[in-house]
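Me: I would like a close look at one part of this model, the place where two helices pack together. Please start there, then work outward to whatever else can be read from the structure.

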Amino acid sequence: MAVDLLGGDEAPAVVVGGALQAVRADPDLHLLLVGPTEAAGALFDALDPAERARVTVRPAEAAVDMADDLTAARADTTIRAAVAAVRSGQADALVSAGSTGATVTAAALGLGRWPEVRRPALVAALPAVAGAVVLLDVGGTLEPSAATLARHAVLGAAYAAVAHGLAAPRVGLLSVGTEPGKGDRVRRLTDPVLSAAELPGDARYVGLVEGYDICLGARADVVVTDGFTGNVLLKAVESAYAMAGGPPPGGAAPRAATLLGVAGTVVVCHGAARTDDIASGIALAARLWRQDAVERVAALLAENRTLCTTDIEVRTS
């Protein structure tokens, strides 16, 4: 796993701590730390010789600041070096808690996008009363078209079937009501397209869903929305569970998301990630790679190329 040492608000300290935790939890895990060599010194000092043999460093000095333009990912930065390591086969996957936009840009440019996917999506699994709910997008595409939302529904259905083993996942479109015609223009355009679409993994579209359906998990296994709303919702759910004393059985709200739509396994952690969050992000990337999840999702999409979308206004009463 290639790990961006300089990604995140508290990097490199929390990244080093998370990497140490991940290595000790998984005896088969090998890490490629991408960043200043001196930043990895504390990790090497804490490892025993056998663990140390499973960690290497790829030097890179520059980081992408959260306020930087997305094109900064094209410079000689840690995230670009991590992407290059995956592209060359030096690493099987990458994990970063740095700028989401820069990470998505670097991965799309460096690894390439899947056919028919113009805008990759970040997908997270939220704990719910009835089981985990796959939510996308949570920050990859802030202002999608109806075509993008419909494509993301396909991505989410395939991911739920592969990564979560769900048979015939139920897919919902997040809106302000469940009646047809509810929501903004992009929802009104997307809803009828998904109603007529054939989704992968024997998934079925259940229509519009509301915010509380995510925490309950009774109506949909996959919920599709734009990256702006999804990111706000993810952080709100995380805070609500913290105020309530913890999430329902099934784990905490994640601080890591999988990037779907690029030709490689990429996990993006919350910029405010703590040590445990980095470790869980690394574990997620390792699990996805061992499941061959990205390639299996891509294969499902290749079998499901019937979805055709346009941005023609849908008349609603």
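Reply: Start with the residues that touch. In this predicted model, helix 4 brings Ile79, Val83, Val86 and Arg87 to the contact. Helix 5 answers with Thr103, Ala106, Ala107, Gly110 and Leu111. By class, the contact of helix 4 with helix 5 has 6 nonpolar, 2 polar and 1 charged residues.

Now the geometry. Helix 4 covers residues 78–88, and helix 5 covers residues 100–111. Their axes come within 9 Å and cross at roughly 35°. The crossing is right-handed.

Two of these contact residues lead on to a strand. Ser96 sits in strand 4, residues 93–96. Ser96 touches Ile79 and Thr103, and Ile79 belongs to the helix 4 side of the contact while Thr103 belongs to the helix 5 side. Further contacts of Ser96 include Asp4, Gly7, Val267, Val268 and Cys269. These contacts leave aside neighbours within four places in sequence. Is Ser96 buried or exposed? Its relative accessible area is 1%, so Ser96 is buried.

Strand 11 comes next. This strand runs over residues 265–269, and Thr265 is part of it. Thr265 has 4% relative accessibility and therefore counts as buried. Setting aside neighbours within four places in sequence, Thr265 is in contact with Asp92, Ala93 and Leu94. It also meets Ala285, Leu288, Trp289 and Val294.

Compare a second helix pair. Helix 6 spans residues 146–163, and helix 7 spans residues 185–196. Their axes lie 8 Å apart, at an angle of about 45°. Helix 6 and helix 7 are therefore oblique to each other. Helix 6 passes helix 7 in a right-handed crossing.

Which residues meet there? From helix 6 come Ala146, Leu149, Ala150 and Ala153. From helix 7 come Val186, Leu189, Thr190, Val193 and Leu194. This contact has 8 nonpolar, 1 polar and no charged residues.

Helix 6 matters for the core count too. The largest nonpolar core holds 68 residues. Helix 6 supplies the largest share of this core, 13 residues. Which members touch the most other members? They are Leu31, Leu33, Val171 and Ile282.

Take Leu31. Not counting residues up to four places away in sequence, Leu31 touches Met1, Val3, Ala19 and Val23, among others. Its contacts also include Arg54, Val55, Thr56 and Ile282. Ile282 is itself one of the residues that touch the most other members of the core.

Another core lies apart from that one, with 38 residues. Among them are Ala107, Val133, Leu135 and Leu233. Ala107 takes us back to the opening contact, where it is on the helix 5 side.

Now a residue with a different setting. Ala46 lies in helix 2, residues 41–46. With a relative accessible area of 30%, Ala46 is partly exposed. Beyond its neighbours within four places in sequence, it is in contact with Leu20 and Arg24. Ala46 and Leu20 are 26 residues apart in sequence. In space they are 7.8 Å apart, C-alpha to C-alpha.

Last, the backbone. Most residues other than glycine have a negative phi, and most peptide bonds are trans. Several places here depart from that pattern.

Where are the cis bonds? One runs from Ala11 to Pro12, with omega near 0°. Pro12 is in the loop between strand 1 (2–4) and helix 1 (13–25). Another cis peptide bond joins Leu136 and Asp137, with omega about 5°. Asp137 is in the loop between strand 6 (133–136) and helix 6.

Positive phi values also turn up in loops. Ala168 is not a glycine, yet its phi is about 50°. It is placed in the loop between helix 6 and strand 7 (170–174). At 34% relative accessibility, Ala168 counts as partly exposed. Asp202 has a phi near 60°, again a positive value in a residue other than glycine. Asp202 is in the loop between helix 7 and strand 8 (204–209). Its relative accessibility is 66%, so Asp202 counts as exposed.

Notes. Residues are numbered from 1 along each chain as its sequence is written. This is a predicted model: local features need pLDDT of at least 70, side-chain atom pairs count only at pLDDT 80 or more; totals for chains, interfaces and linings use all residues. Side-chain values use heavy atoms; hydrogens and water are left out. Axes are lines fitted to C-alpha atoms, for helices over the stretch in contact, and angles run from 0 to 180 degrees between N-to-C directions. Helices (H or I, at least four residues) and strands (E, at least two) are DSSP runs, numbered from the N terminus. A crossing is left-handed if the near helix is turned anticlockwise from the far one by less than a right angle, and right-handed if clockwise. Contact means heavy atoms within 4.5 Å. Ala, Val, Leu, Ile, Met, Phe, Trp, Tyr, Cys and Pro count as nonpolar, Asp, Glu, Lys and Arg as charged, and the others, Gly among them, as polar. Angles under 35 degrees count as roughly parallel, over 145 as roughly antiparallel, 65 to 115 as roughly perpendicular and the rest as oblique. Buried means under 20% relative accessible area, exposed over 50%, partly exposed in between (1.4 Å probe, protein chains only). A nonpolar core is a set of buried Ala, Val, Leu, Ile, Met, Phe, Trp, Tyr and Cys residues joined through side-chain atoms within 4.5 Å.
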